[in-house]
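I am opening a notebook on a structure that is new to me, and I will write down what I looked up, in the order in which I looked.

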Amino acid sequence: MTTEPAEAAPRVLAVIPARGGSKGVPGKNLAAVGGVPLVARAVLACAAARRVTEVVVSTDDPSIAEVARSAGAEVVLRPVAIAGDTATSEAAVLHAMDSREAVTGAATDVVLLVQCTSPFITSEEIDGVVAAVTEDGADTAHTVTPFHGFVWRDGDGPGAEGTGAGSFGVNHDKTTRPRRQDRPQDLLETGAAYAMRAAGFRAAGHRFFGRTTLVRTDPARVLEIDEPADLERARALAPLLDPRAGIPTRADVDAVVLDFDGTQTDDRVLIDADGHEAVTVHRGDGLGIAALRRAGVPVLILSTETNTVVAARAGKLQVPVLHGIDRKDLALKQWCEENGIAPERVLYAGNDVNDLGCFALVGWPVAVAGAHDVVRAAARAVTTAHGGHGAIREIAAWLLGPTLAR
């Protein structure tokens, strides 16, 4: 009796193009939605897809490369010749595929183009376009969503040139406007994910050759970030749509770093006639920090202000403090390196715009209730308690469970 050798699983390479020179939204690929940079969101979605075997980010930007590596992707540095405004995504995908095959010595069976600009793409959708090619016989596949809109275009329209008609319906006849249920179902390309047989992609040089299959996605999750308003809308929707949003647990966090003014206080300062400053803090926060210490969670206080009040509070809580810091993000990065703590495993709590650098660095940026709107938008979680009113105790309860929550 002979046994047929098992067929090897297809090699599926996901390529995420992420240039550094976005004009419409400067710094777009590093912009945070739900506290996670767009490029990292795309990497995490691809990494979670069961059918993807390797994830690569193609970029010309060192900062994007660093974030991509931190999120778990390989990085292919894109040459200047294919990094300009007129360069195509296909050129980046082909270059990345060639580069990885040269490094690994293994041929790619299916190559994906996954866009950072679709912040709510899921691993299931990515697996869906792969399966259409590897299991259903398609040459190419891409994500679409049901569309019922009436599309119009300025001008007289085909066959009516010079008549002064003004505008015309692209997908309907305006003189016999049909009911929605009487129209064929249109499908809108979402721009989120494309899968192609690698050999066919090399031969065709574009993403829509041969037999194309459409993979339906949830209309509620479709959003492409091309303008600043798109980014603001994504940040507003993140708490509703983001599977990574929510409350962290002890398993998610290796260290807690806390801003002081406005986070551990109510952001007000009392000054007496001699210029002495005083602030109010919450006893519950002290209880929470003590519980974190007993549980073995490193805690650091990080403050821009040089203030004896901050040092006195840190001393009472028996936690280290770094204050008088101009660039808190750089200080936090150095502290993580010195203590062997991965930034993506750090929870940082803050309330104002000078905390945004740290938000971009850590895996769990947390805003206290009442924080600046921009800070809340960049946070992955927001406390229900305000700064100086038990916000830190609430965070400790997230990590340590119901015993502390009581």
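Is Gln-318 buried or exposed? I looked this up before anything else, bearing in mind that I have a predicted model in front of me. Gln-318 is exposed, because its relative accessible area is 57% and the cut-off for that word is over 50%. I found Gln-318 in the loop between α8 (308–317) and β16 (321–323), and I noted that its phi is positive, about 60 degrees, although Gln-318 is not a glycine.

**Another positive phi**

I then turned to Asp-267, a residue other than glycine whose phi is also positive, near 75 degrees. Asp-267 sits in the loop between β12 and β13 (270–271). With a relative accessible area of 43%, Asp-267 is partly exposed.

**The whole protein**

I stepped back to take in the overall picture. The protein has 406 residues, and 47% of them are buried. I listed 13 helices and 19 strands as its secondary structure. Along the principal axes, the C-alpha atoms fill a box of roughly 85 × 75 × 45 Å. When I took the contacts with a separation of 6 or more, I found that 64% of them join residues 24 or more positions apart.

**Helix α9**

I wanted to know whether the length of α9 fits its residue count, and I worked it through. The helix has 12 residues, which at 1.5 Å a residue should span 16 Å, and since its end C-alpha atoms are 16 Å apart, the two values agree. (The expected span takes one less than the number of residues.)

Next I asked which residues of α9 are buried. They are Lys-328, Asp-329, Ala-331, Leu-332, Trp-335 and Cys-336. These residues cover an arc of only 160 degrees around the axis, and therefore they lie on the same side of α9. On the face turned away from that buried side I found the exposed residues Glu-337 and Glu-338. As for what covers the buried residues, I noted β12 (255–258), β15 (299–303), β17 (346–350) and α10 among the elements that do so. After α9 comes Gly-340, with a positive phi near 65 degrees.

**Helix α1**

I looked at α1 in the same spirit. Of its 11 residues, 8 are buried, so the helix is largely enclosed by the rest of the structure. I wrote down the buried residues as Leu-38, Val-39, Ala-40, Arg-41, Ala-42, Val-43, Ala-45 and Cys-46.

**The largest pocket**

Both of these helices came up again when I searched for open space. The largest pocket holds about 850 Å³ of space. It is lined by 27 residues, and those closest to its centre are Val-67, Ser-70, Ala-360, Leu-361 and Val-362. I asked which elements supply at least two residues of this lining, and found β3 (36–37), α1 (38–48), α2 (62–71), α9 (328–339) and α10 (356–361). By class, the lining has 14 nonpolar, 5 polar and 8 charged residues.

**The second largest pocket and Gln-115**

In the second largest pocket there is about 400 Å³ of space. Its lining has 20 residues, and Pro-17, Arg-19, Lys-28, Ser-89 and Gln-115 lie nearest the centre. I counted the classes here as 6 nonpolar, 7 polar and 7 charged.

I followed Gln-115 further, and located it in the loop between β6 (110–114) and α4 (123–134). Gln-115 counts as buried because its relative accessibility is 15%, where the cut-off is under 20%. Setting aside neighbours within four places in sequence, I found Gln-115 in contact with Ser-89, Gly-191, Ala-192 and Arg-207.

**The enclosed space**

How many cavities of 30 Å³ or more are there? I found 1, and its space comes to about 80 Å³. The residues lining this largest cavity are Ser-118, Phe-120, Ile-121, Glu-125, Thr-190, Ala-192, Thr-217, Arg-221, Val-222, Leu-223 and Glu-224. By class, I noted 5 nonpolar, 3 polar and 3 charged residues in that lining. Ala-192 thus appears in my notes in two places, as a residue that lines the cavity and as a contact of Gln-115.

Note on methods. Residues are numbered from 1 along each chain as its sequence is written. This is a predicted model: local features need pLDDT of at least 70, side-chain atom pairs count only at pLDDT 80 or more; totals for chains, interfaces and linings use all residues. Side-chain values use heavy atoms; hydrogens and water are left out. On a 1 Å grid over the protein atoms alone, a cavity is a set of points where a 1.4 Å probe fits but cannot get out, and a pocket is an open set with protein on both sides within 12 Å along at least five of seven lines; lining residues have an atom within 4 Å of a point. Grid points are joined across faces, edges and corners, and a volume is the space filled by probe spheres set on the points. Helices (H or I, at least four residues) and strands (E, at least two) are DSSP runs, numbered from the N terminus. Ala, Val, Leu, Ile, Met, Phe, Trp, Tyr, Cys and Pro count as nonpolar, Asp, Glu, Lys and Arg as charged, and the others, Gly among them, as polar. Buried means under 20% relative accessible area, exposed over 50%, partly exposed in between (1.4 Å probe, protein chains only). The arc is that of the directions from the helix axis to the C-beta atoms. Contact means heavy atoms within 4.5 Å.
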